[in-house]
Amino acid sequence: MAKIIPDVSRTFSEYLLLPGLTKRDNIPSNVSLQAPLAAYAGAEAPRLCINNPFVTASMQAVSGVEMAISLARQGCLAFIYCSQPIDRQASMISRVKTHKAGFVESDSNLKPEDSLADAVALTRRSGHSTMPVTHDGSKNGKFLGIITDKDFWEFEDDLQARVSEFMTPKESVVYGDSGVSLHEANSLLRKHKKECLPVLDQDGCLQALVFKKDYIDHRRNPYELLDSKKRLVVGAGINTHDYKERVPALLEAGADVLAFDSSDGYTEFQRDAALWIREKFGDRAVIGGGNVVSGTGFRYLAEEAGLDFVKVGIGGGSICITREQKGIGRGQASALLNVVAERDRLYNDTGRYVPVCSDGGLANDTQIIIALAMGADFVMMGRYFAMTNESPTPKVSISGRMYKPYWGEGSNRARNWQRYALDDEMNLKFEEGIDGYVPIVGSVKDVLDVTIVKLRSTMCNIGALNLKEFREKAVLTRISEQSFIEAGTSNVVRLDRDISLDV
């Protein structure tokens, strides 16, 4: 007969934190939310850390280029989804890596004989209002000048006139020579009160642009996640089917982190793929995998596959129906607690620390906090980010309110056959995800700011200044149905919900 585990499968909503001693230095500004993303041994530093413990699920409705850029600027990480052709995913990775605060290759260039109409069309197509003018209109052509939308009036000037008549010629442009440091380039911008500094090689050809707005962006985002070349850090989802073709292309494009996207990662397929990547590319990329819901599954992937981090959770996502379709899974709190205990045993046994990612089952900020208190090093979310302005799906008006489409990678809409197929017949016999809509709640920065403020405040209540201290000092209590009700408002009239006022 089947083995029955005696404990009940529990969720985050069944727990509360007990306050600890708040000391004088337990103030939000002293709290660090840095989390390891790569496995490490003993006292050595992890190869990669994130500055805030939040990453996106590898989903079509969540992780696009704009999302990846916005998250890296907030010290977090996005995983560009793998349910698309290899070249398209690699192109998305490349776009994130080239969109950095620093030296930027120009992708909006004109020739001197082009018309103002060409300049207007280029601005509308690219979204950029500053356009270098080169002899052949290429990004590395001989630099002749620069034109911006401030140099002409779209609705007053003759749009058939040549760009050369309105551009600022090279002789009047402040520029830097190839080899100039970023600090020196920004100093030139400040000294000459310019918005853009072209960088030219010894032959006068355009090499890069440095923008004042990128400097300001960086100063306003002190937790920005950058690689050794000052480029934004980005992750990529991979599968166990075409990894031998996909992984080399993604690494060539600049992917910093790879993560297997699978509803059940406790498989020899994932182990074999992880070992192949490690053999071919060593530590060139951080490799994560999963998903698992038991300590046994974690130990297998951490030891046998040598993964850098392991994702926990099956069937807990807001659009995931794996549990009801296949009868597999576990309450997210129970799964996380079991895996975290095994992670700590592995560390005590071997001295190797393998970070744990709690993936799914997070309905609100409180549950995010509970997951981190239970021992997750960082959390992965889909719906949370799908509701932001930066998610890649279009806005839709429903009954006067703005929504965005949101669907699971196990739905027919995703057409992500490789994620679930276990045989050669590449089609989806049944769905493990649904297709729906989520309300738009604002920008990534606005949403994360609120969550981070709550998390820092709770950590101060516990007496913790970092996430390691938080999980070590956390004391959790189970709550009853009545105490859950007690936690809400009662015996008062909520004007914003219960009655309408005529003003």
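In this predicted model, D377 is buried, with a relative accessible area of 1%; the cut-off for that class is under 20%. The residue belongs to the loop that runs between α11 (365–373) and β19 (378–381).

The side chain of D377 has two polar partners to examine. One is the side chain of Y353, with which D377 makes a polar contact at 2.7 Å. The other is the backbone nitrogen of V356, which the side chain of D377 reaches at 2.7 Å. Once neighbours within four places in sequence are set aside, the residues in contact with D377 are A35, P36, P53, R343, Y353, P355, V356, L372, L467 and R471. Among these, L372 leads back into α11, where it takes part in the meeting with α14, and R343 leads to α10, where it takes part in the meeting with α8. These two helix pairs are considered in turn.

Two packed helices are described by the angle between their axes and the distance between the axes. For α11 and helix α14 (residues 444–462), the axes come within 10 Å and cross at roughly 50°. That angle makes α11 oblique to α14, and the crossing is right-handed. On the α11 side the meeting involves D365, I368, I369 and L372, and on the α14 side V450, T451, K454, L455 and T458. Sorted by class, this contact comprises five nonpolar, two polar and two charged residues.

The second pair consists of helix α8 (residues 295–304) and helix α10 (residues 332–350), whose axes come within 8 Å and cross at roughly 45°. The two helices are therefore oblique to each other, and their crossing is right-handed. From α8, the residues G295, F298, R299, A302 and E303 meet N338, V339, E342, R343, R345, L346, D349 and T350 of α10. The residues of this contact divide into four nonpolar, three polar and six charged.

These local features can be placed within the chain as a whole. The chain contains 16 helices and 23 strands. Of its 503 residues, 51% are buried, and D377 is itself buried. Among contacts in the chain with a separation of 6 or more, 64% are between residues 24 or more positions apart. The contacts of D377 with A35, P36 and P53 offer examples of residues brought together from separate parts of the sequence.

Methods. Residues numbered from 1 in each chain as written. Predicted model: local features only at pLDDT ≥ 70, side-chain atom pairs only at ≥ 80, totals over all residues. Heavy atoms only, no water. Helix = DSSP H or I, 4+ residues; strand = E, 2+ residues; numbered from the N terminus. Buried < 20%, exposed > 50% of the residue type's maximum accessible area, 1.4 Å probe, protein only. Polar contact = N/O pair within 3.5 Å; in protein donor to acceptor, adjacent residues only side chain to side chain. Contact = heavy atoms within 4.5 Å. Axes fitted to C-alpha atoms, helices over the stretch in contact; angles between N-to-C directions. Parallel < 35°, antiparallel > 145°, perpendicular 65-115°, else oblique. Left-handed = near helix turned anticlockwise from the far one by under 90°. Nonpolar A, V, L, I, M, F, W, Y, C, P; charged D, E, K, R; others polar.
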